[in-house]
Amino acid sequence: MTGLKGVVWKMNRMKAFVKTGPGADDLAIEQAAVPEPGDRELLIRIKAVGVGIHDSYFLPQTIRYPYVIGIEAAGIVEETGNRVTGFRPGDRVALVSSMHEKGGTWAEFAAVSADSLILPIPDGMSFEQAAAVPVAGNTALKALSALDLKQGDSLFIAGASGAIGTLAIQLATGKGCTVAGSASKPNHPYMKSLGADRTVDYRDPDWKRQILDWKPGGVDAAMAVQPGTSEDALAVVRDGGRLVTVSGDRAEPERGIRFLQIPHKTDVRHELNTMINQIADGKIHVEIEQVYPFSEGLQALRKTQTRHARGKLILTLV
Ligand SMILES: NC(=O)c1ccc[n+]([C@@H]2O[C@H](COP(=O)([O-])OP(=O)(O)OC[C@H]3O[C@@H](n4cnc5c(N)ncnc54)[C@H](OP(=O)(O)O)[C@@H]3O)[C@@H](O)[C@H]2O)c1
């Protein structure tokens, strides 16, 4: 319902990172109109933004420039549409919005559909921490559900020190699996601190033999997080094992190995809610390499594009 607050924000414009045109570098911080939520939408006052490599290219098919980028954030419900149930103004939420033609989350306000992935933020959890959870958590849970891991299974994660790998190591070891992860050497103690039993350096030409020494015959399952890692990861999977690609790699399945894509339609909301509460309770660690002031969003985007961030990068609007 539009109340007095609604009248105030309607008069205002907001700070936002916008795509100004179709070129890869057409990004700028500008003033934009505050979006008006529809009947089945919520208006969120954004407090922190989760940064992802996708933020510069996840755009709606029908786009009008300037377009506010971003799909992930944490904030406070400012207003709810007439047909929204289950949320009230003042609720603290973390969310993944769809690529909405009204614009995304890199702004002071965002309109999101009530059908989006919206998680209540547990008491005591900061907006920065909450903003780090939805995309990586959703992806890690879906990737692991595709692999259908059982207690005692072995898992190799190619790219285990990023945001998705950080959660996947902990979720898999929590299920009683043994995990090996790849990253460069400086990230090995970090992956071990999360529960990885074996770590390898993807730059070392010998890394596949090291995994096969660890699990002779190959691992039961592999998760290829970084693009282009699936083919090499297949080489360390046992006959009849499983591999899930997180970044949409294509590869020829071999030796009866099942080659799986992320099951986007699998509903993991319940598990994600459990996870965010476990993070709040300190049972699962979420890594934030750096929190940037909102005005430095383009630096954060450039850092994520290097593919060498540990865990997540966050923008803060507080
Ligand atoms: N399908 C989906 O729904 C979905 C959702 C979200 C994201 N994604 C995809 O997932 C990927 C990003 O995942 P993320 O955010 O977890 O990670 P990220 O930020 O891209 O991961 C960076 C980490 O990966 C390591 N790394 C870089 N290159 C590597 C390589 N060749 N082999 C092994 N490790 C490597 C880096 O370690 P060093 O610094 O030690 O090299 C760094 O710590 C993107 O490709 C994105 O498109 C897919």
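Strand E5 (residues 72–80) and strand E6 are joined by 5 bridges and run antiparallel. This pairing, like every feature described below, is taken from a predicted model. Within the pair, Ile76 has Arg92 of E6 as its bridge partner. Strand E6 is also joined to E8, through 4 bridges, and these two strands run antiparallel as well. Here Val96 stands opposite Leu117 in E8. Of the 5 residues of E6, 4 are buried, so the strand is largely enclosed by the rest of the structure.

Helix H8 contributes to the surroundings of E6 and E8. The buried residues of this helix pack against strand E6 (92–96) and strand E8 (117–120), and also against helix H2 (127–131), helix H3 (134–147) and helix H4 (163–174). Helix H8 comprises 12 residues (residues 269–280); at 1.5 Å a residue it should span 16 Å, and the 17 Å between its end C-alpha atoms agrees with this. The buried residues in H8 are Leu272, Met275, Ile276 and Ile279. Viewed down the axis of H8, the buried residues fall within an arc of 95 degrees, so they line one face of the helix. Such a pattern follows from helix geometry: an α-helix has 3.6 residues a turn, so residues three or four places apart point the same way. Just after H8, Gly282 takes a positive phi of about 80 degrees.

Asn138 belongs to helix H3, one of the helices against which the buried residues of H8 pack. With a relative accessible area of 15%, Asn138 falls under the 20% limit and is therefore buried. When neighbours within four places in sequence are left aside, Asn138 is in contact with Leu117, Val133, Val268 and Leu272. Of these contacts, Leu272 is a buried residue of H8, and Leu117 is the residue of E8 that stands opposite Val96.

A separate group of strands was examined next. An open sheet is formed by 3 strands in the order E2-E1-E4, with antiparallel pairing. Strand E2 (27–33) and strand E4 (67–68) stand at the edges, each with a single partner strand, so one side of each has no neighbour in the sheet. Strand E1 (residues 13–19) is joined to E2 by 7 bridges, and the two run antiparallel. In this pair, Met14 has Ala32 of E2 as its bridge partner.

Leu243 lies in strand E13 (residues 237–245). The relative accessible area of Leu243 is 0%, and the residue is buried. Not counting residues up to four places away in sequence, Leu243 touches Leu147, Ala222, Ser230, Ala233, Leu234, Val237, Ile257, Arg258, Phe259 and Leu260. Leu243 and Phe109 are separated by 134 residues in sequence, and their C-alpha atoms are 39 Å apart in space.

The model also contains a ligand, with 24 residues around it. Of these, Ser161, Ile164, Ser184, Tyr202 and Ser247 come nearest. A polar side-chain atom of Tyr202 is placed 2.3 Å from an oxygen atom of the ligand. Backbone atoms also approach the ligand: a polar backbone atom of Ala309 is 2.9 Å from an oxygen atom of the ligand, and a backbone N or O atom of Val246 lies 2.9 Å from a nitrogen atom of the ligand.

Technical notes:
Residues numbered from 1 in each chain as written. Predicted model: local features only at pLDDT ≥ 70, side-chain atom pairs only at ≥ 80, totals over all residues. Heavy atoms only, no water. Expected span 1.5 Å × (residues − 1). Buried < 20%, exposed > 50% of the residue type's maximum accessible area, 1.4 Å probe, protein only. Arc of directions from axis to C-beta. Contact = heavy atoms within 4.5 Å. Pairing = 2+ DSSP bridges. Near = heavy atom within 4 Å. Polar contact = N/O pair within 3.5 Å; in protein donor to acceptor, adjacent residues only side chain to side chain.
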